[in-house]
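Me: I have a chain to look at and some terms to pin down. Can we go through them one at a time?

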Amino acid sequence: MILSTTSLSILFLARFLQGVVVGIIFTVIPTYLVEISEPHRRAKIVSTTQIFWHFGILWAYVSGPSFNYYGYLLMCTLMAIIYVPVFYTLPESPYYLIMTNKTKEAYESLLFLRGDEVIEEEFRSLIFTVRQEMSNNTDWTYLFTEKEVRRALIIVQVVCLIRYLSGVPAIMIYVPELFNLSDSNIRPDLMTIIFGIILLMASIVGTLTADSAGRRPLLIQSVTGCTFFNAIIFIYLYMDISTKYHVSKHIWILYISVIGLCFVTIVGLGSLMLTIQAEYFQANTRSLSGGIIEMVAGFGAFINIIAYEYISEYLRVYWNFFFYTLVSLFGIIFFYYNIPETAGTHLGKFDNSANITSEKSESHKSKSQYMPFESEESND
């Protein structure tokens, strides 16, 4: 569509449709990845989404200054052309196949995903878990009427809002203008490329540490870093714009603080939000909750980007970072008292450690009755 025209109205329509598609993708991909992953590798596998997302951003940053309009669009289209045949060869989620009573296909899918590993014990556990979750016969109201599920939804939405309201979406767009406030000599196109490389490096670090560091500690450390760097940026810009102190000779402080803010956000909040978005919920509510959370994500990013421009124009740019500091500070308190540790647990086991333990014990006692390829009649 974009390749066929330069009409502004068509470009707006294409961008709107692209946003809808991206929202669907970020609802489905975390669900699929957590369902095909082993518990001790789940966050690492889901976090690879961030690596390829930021690689795509860097690809666009490099292609933009290097090609004309049509060349740039062709370079972006190339990624989608590569993706379609590669993803077509991947198997369906074993979770979904069990949910649709395709037990044999689920076993074959899990065997493909695990390679040479012995999967019988994992497969029995998977059947038990999915059928236990599906036995609830719940509809969409379950997300709001069940106390623990509602609490999980609220927690993930707060994590999502803190991620998008702590400054990084606006910085990704306005970083050249931000640095130019302090008489930076770096060209805008080179600055965006450097920024893209930093985002990619941060996503790689986040992927490598997502499982080993644990969900709760990494989220708390990430939002603490956001608070610190946002406060430094606020103080620097305030002194540079509204005081007589000449801090522009120390512009390295601004550089390091912006880089540090983006780095700690991507490593923790960016890498883990997709993981907890999918693993907090059971099979029968995972997709619906993911859709709701992506709507909140889009709203948070929209507010962050629009508010940045208005606050910068009608107040001062540093008030943005004062607000980001307050949001991040709230995140520290909220995460400390509300975020559970779910690393290594089964999907949907959100309640608390005591419930997780009892459910694991019950699963150990009961899952032996589920054998590969059993029919629904034998289960009855």
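Me: What makes a residue count as in contact with Arg 163, and which residues are they?
Reply: Contact means heavy atoms within 4.5 Å. Leaving aside neighbours within four places in sequence, Arg 163 is in contact with Gln 50, Pro 169, Thr 265, Leu 269, Gly 270 and Met 273. Arg 163 itself lies in helix α8, residues 147–165. The model is predicted: local features need pLDDT of at least 70, side-chain atom pairs need 80 or more, and totals for chains, interfaces and linings use all residues. Residues are numbered from 1 along each chain as its sequence is written, and side-chain values use heavy atoms, leaving out hydrogens and water.

Me: How do you know that Arg 163 has no salt bridge?
Reply: A salt bridge needs a side-chain nitrogen of Lys or Arg within 4 Å of a carboxyl oxygen of Asp or Glu. Lys and Arg count as positive, Asp and Glu as negative; His and the chain ends are not counted. The nearest side chain of opposite charge to Arg 163 is Glu 294, 6.8 Å away. So 6.8 Å fails the 4 Å limit, and Arg 163 has no salt bridge. Arg 163 is buried all the same.

Me: Why is Thr 49 called buried?
Reply: Buried means under 20% relative accessible area, exposed means over 50%, and partly exposed is in between (1.4 Å probe, protein chains only). Thr 49 has 12% relative accessibility, so it counts as buried. Thr 49 lies in helix α2, residues 42–66. Not counting residues up to four places away in sequence, Thr 49 touches Phe 26, Ile 29, Leu 33 and Leu 274.

Me: Is Leu 73 buried or exposed, and why?
Reply: Leu 73 has a relative accessible area of 12%, so it is buried. Its place is in helix α3, residues 69–88. Leu 73 and Ser 63 are 10 residues apart in sequence and 8.9 Å apart in space, C-alpha to C-alpha.

Me: Why is Asn 101 called partly exposed?
Reply: The relative accessible area of Asn 101 is 49%. That falls between the two cut-offs, so Asn 101 is partly exposed. Asn 101 is found in the loop between α4 (94–99) and α5 (103–114). Its phi is near 65°, a positive value in a residue other than glycine.

Me: What makes the nonpolar surface patch a patch?
Reply: Patch residues have over 30% relative accessible area and no salt bridge; like charges are joined within 9 Å, nonpolar side chains (Val, Leu, Ile, Met, Phe, Trp, Tyr) within 5 Å. This patch covers about 1,000 Å², and its members include Phe 299, Tyr 310 and Trp 319. The elements giving two or more residues to the patch are α13 (286–314) and α14 (318–338). The largest share, 6 residues, comes from α13. Trp 319 sits in α14. Its relative accessible area is 37%, so it is partly exposed and over the 30% limit.

Me: How do you know that the span of α14 agrees with the expected one?
Reply: The expected span of a helix is 1.5 Å times one less than its number of residues. For the 21 residues of α14 that gives 30 Å, and the end C-alpha atoms are 30 Å apart, so the two agree. In α14, the buried residues include Tyr 318, Asn 320 and Phe 321.

Me: What makes a run of residues a helix, and how many helices are there?
Reply: Helices (H or I, at least four residues) and strands (E, at least two) are DSSP runs, numbered from the N terminus. The chain comes to 16 helices and 0 strands.

Notes:
Areas by Shrake-Rupley, 256 points an atom, 1.4 Å probe, with all protein chains shown as cover.
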